[in-house]
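Welcome! Take a moment to look over the sequence and the model before reading on, and keep the view open while we walk through it together.

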Amino acid sequence: MKVKNPIILPLDVDSEQKALDLALSLKDGVGVFKVGMELVNSCGYRILDTLKEHGIGPDEIFLDLKYHDIPNTVAAAAAAATRLGVWMFNVHCSGGVPMMKAAKEASLKQAAELGITPPKVIGVTVLTSLDYQALQVMGFFQDPNAYPHLHFDNPEACMVQGLALNFAYLAKEAGLDGVVCSPHEITAIREACGPDFLIVTPGVRPAGADVNDQKRVKTPGEAIILGADHLVIGRPIIKADDPAAAARAITAEIEEALCVRHSGLVFDATQTLSEVERDPESSKPEEPGMLKSGVPFPNEDLRRP
Ligand code: C5P
C-alpha cells in the first residue's frame with residue numbers, strides 16, 4: 001500500500017520566492033507543506049495560489065495559523081480558511097470547546113456550500129516549546145492535588161502530558177479531526193482518543209540534531225512508532241546543507257519505524273526507540289484513573305460545567 005509521506009515541512013521563510021524554491025526542491029521528499037504565520041505575514045495569501053500554480057495542490061497544504069478567539073470570530077475565520085482550499089488548518093484547544101465546535105461546524109457548512117472536501121481541523125494542545133516550568137509561570141499546575149495518580153520518575157513531565165491529553169480530549173469532544181501535540185503525548189492521546197484521531201507532532205529531531213527552541217522532542221522513528229500520523233519537521237531539513245538529502249534520510253528512518261509499528265509490538269511514550277527494541281513487552285500496569293501510558297486520565301468531574 002502506498003501511503004502519503006508523513007513529513008509536513010513548514011515553509012518557515014519570509015518571501016514568496018524562498019518558499020517556492022524550498023517547496024519545489026522538496027516536493028518529492030515530503031508529504032505536505034505547512035504555511036504558517038511568518039510566510040503569510042510576509043507575502044500574504046497569494047502564496048497559496050502560487051504553490052497551486054506550481055502543482056502543489058490543496059491536499060498538500062496545512063494552513064498553520066492557530067486560531068484562538070471568541071467562537072463567532074473563529075467560526076468566520078474557519079469558513080474563510082475553508083474557502084482558501086487547504087487540506088488542514090488548526091485552532092488552539094485553549095480557546096475552549098464552543099470555539100473548537102464553532103470552527104469545525106463553520107468549516108463543514110462552508111465546504112458543503114462550495115461542494116468541496118472539508119479540510120481537517122485540528123487542535124493545538126500544548127506547544128512543544130513549553131515545558132513544566134514555563135507552564136507553571138503561566139499559571140498551570142497550581143494545585144498538585146489535582147494529579148493524585150502521578151507515579152512516574154518524572155512527575156513534572158507527567159503533568160504536562162496530562163494537560164495535553166485533557167486538551168486532546170476536549171478537541172475530540174468538540175468534533176475536531178485530531179490534534180497537534182508533542183511526541184511525548186502520542187501514546188496517551190492515541191489510547192484515549194482512538195485510532196482515527198489524527199495526531200500531528202512537531203518537536204521532532206533526528207538523533208543528535210540541534211533541538212533549537214523545542215523542549216519536548218523525540219526522533220522521527222520514535223514518533224512514528226508511538227503512533228503519530230504526521231510529523232512537522234522544519235529546521236533539521238530547511239537548515240541542512242542538502243535539504244533534499246536530509247528529507248530522504250528522515251523518510252528512510254520513518255519507513256523503518258513503520259515496519260516496526262506494524263509488527264504489533266506495544267510501545268510506551270516513556271521509552272526511546274532503542275529501549276522499545278530491547279524490551280518490547282514492557283508497558284505500565286493499568287491503575288484506576290490512569291491510562292496504560294501512565295498519564296492520568298482527564299478528570300470528567302473537573303471538565304463538566
Ligand atoms: O523547525 P521546527 O522543526 O522546530 O519547526 C516546527 C514547526 O512546527 C514550526 O513551524 C512551528 O511553528 C510549528 N509548531 C510547533 N509546535 C506546536 C505547533 C506548531 O513547533 N505545538
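Is Asn212 buried or partly exposed, going by the other C-beta atoms within 10 Å? Asn212 is partly exposed, because 13 other C-beta atoms lie within 10 Å, fewer than the 20 that a buried residue needs. You can find Asn212 in the loop between strand 7 and helix 9. Please keep in mind that this is a predicted model.

**The overall layout**

Let's step back to the whole chain. The protein chain has 305 residues, and 40% of them count as buried. Its secondary structure comes to 13 helices and eight strands. The eight strands close into a barrel in the order 1-2-3-4-5-6-7-8, with parallel pairing. From one strand to the next, the twist averages 25 degrees. Helix 4 (residues 71-84) packs on the sheet, where it touches strand 3 (61-67), strand 4 (88-92) and strand 5 (120-124). The direction of helix 4 makes about 165 degrees with that of strand 3.

For a look at one pair in the barrel, try strand 7 (residues 198-201) and strand 8 (residues 230-232), which pair in the parallel sense over two bridges. Thr201 has Leu231 in strand 8 as its bridge partner. Across the protein chain, among contacts between residues at least 6 apart in sequence, 71% join residues at least 24 apart.

**The core and a buried threonine**

The largest nonpolar core holds 75 residues; those touching the most other members are Leu9, Ala78, Ala103, Ala168, Ala171, Val179 and Ile189. Helix 7 (residues 155-173) gives the largest share of this core, eleven residues. In soluble globular proteins, nonpolar side chains tend to be buried together.

Ala168 is a good place to zoom in. Beyond its neighbours within four places in sequence, Ala168 is in contact with Thr125, Val179, Cys181, Ile189, Ala192 and Cys193. Thr125, one of these partners, sits in the loop between strand 5 and helix 6 (132-137). Why does Thr125 count as buried? It has 27 other C-beta atoms within 10 Å, and 20 or more are enough. Not counting residues up to four places away in sequence, Thr125 touches eight residues by name: Cys93, Ala164, Phe167, Ala168, Val179, Val180, Cys181 and Glu185. Thr125 and Cys181 are 56 residues apart in sequence, yet their C-alpha atoms are 5.6 Å apart in space.

**A mostly covered helix**

Helix 8 (residues 186-193) has six of its eight residues buried. These are Ile186, Thr187, Ala188, Ile189, Arg190 and Cys193. They pack against helix 7, strand 6 (178-180), strand 7 and helix 9 (220-226).

**Positive phi angles**

Most residues other than glycine have a negative phi. Here are three residues with a positive value.

| Residue | Phi | Place |
|---|---|---|
| Lys66 | near 45 degrees | strand 3 |
| Asn212 | about 55 degrees | loop between strand 7 and helix 9 |
| Gly194 | near 95 degrees | follows helix 8 |

Lys66 counts as partly exposed, with 16 C-beta neighbours inside 10 Å.

**Around the ligand**

Finally, which residues come nearest to the ligand? Of the 14 residues around it, Pro10, Thr128, Pro202, Gly234 and Arg235 do. By class, this shell has seven nonpolar, five polar and two charged residues.

Conventions: Residues are numbered from 1 along each chain as its sequence is written. This is a predicted model: local features need pLDDT of at least 70, side-chain atom pairs count only at pLDDT 80 or more; totals for chains, interfaces and linings use all residues. A residue is near a molecule or strand if its C-beta atom, placed from the backbone, lies within 6 Å of it. Ala, Val, Leu, Ile, Met, Phe, Trp, Tyr, Cys and Pro count as nonpolar, Asp, Glu, Lys and Arg as charged, and the others, Gly among them, as polar. A nonpolar core is a set of buried Ala, Val, Leu, Ile, Met, Phe, Trp, Tyr and Cys residues joined through C-beta atoms within 7 Å. A residue is buried if 20 or more other C-beta atoms lie within 10 Å of its own, exposed if 12 or fewer, and partly exposed in between; C-beta atoms are placed from the backbone. Helices (H or I, at least four residues) and strands (E, at least two) are DSSP runs, numbered from the N terminus. Two residues are in contact if their C-beta atoms, placed from the backbone, lie within 7 Å. Two strands pair if DSSP finds at least two bridges between them. Axes are lines fitted to C-alpha atoms, for helices over the stretch in contact, and angles run from 0 to 180 degrees between N-to-C directions.
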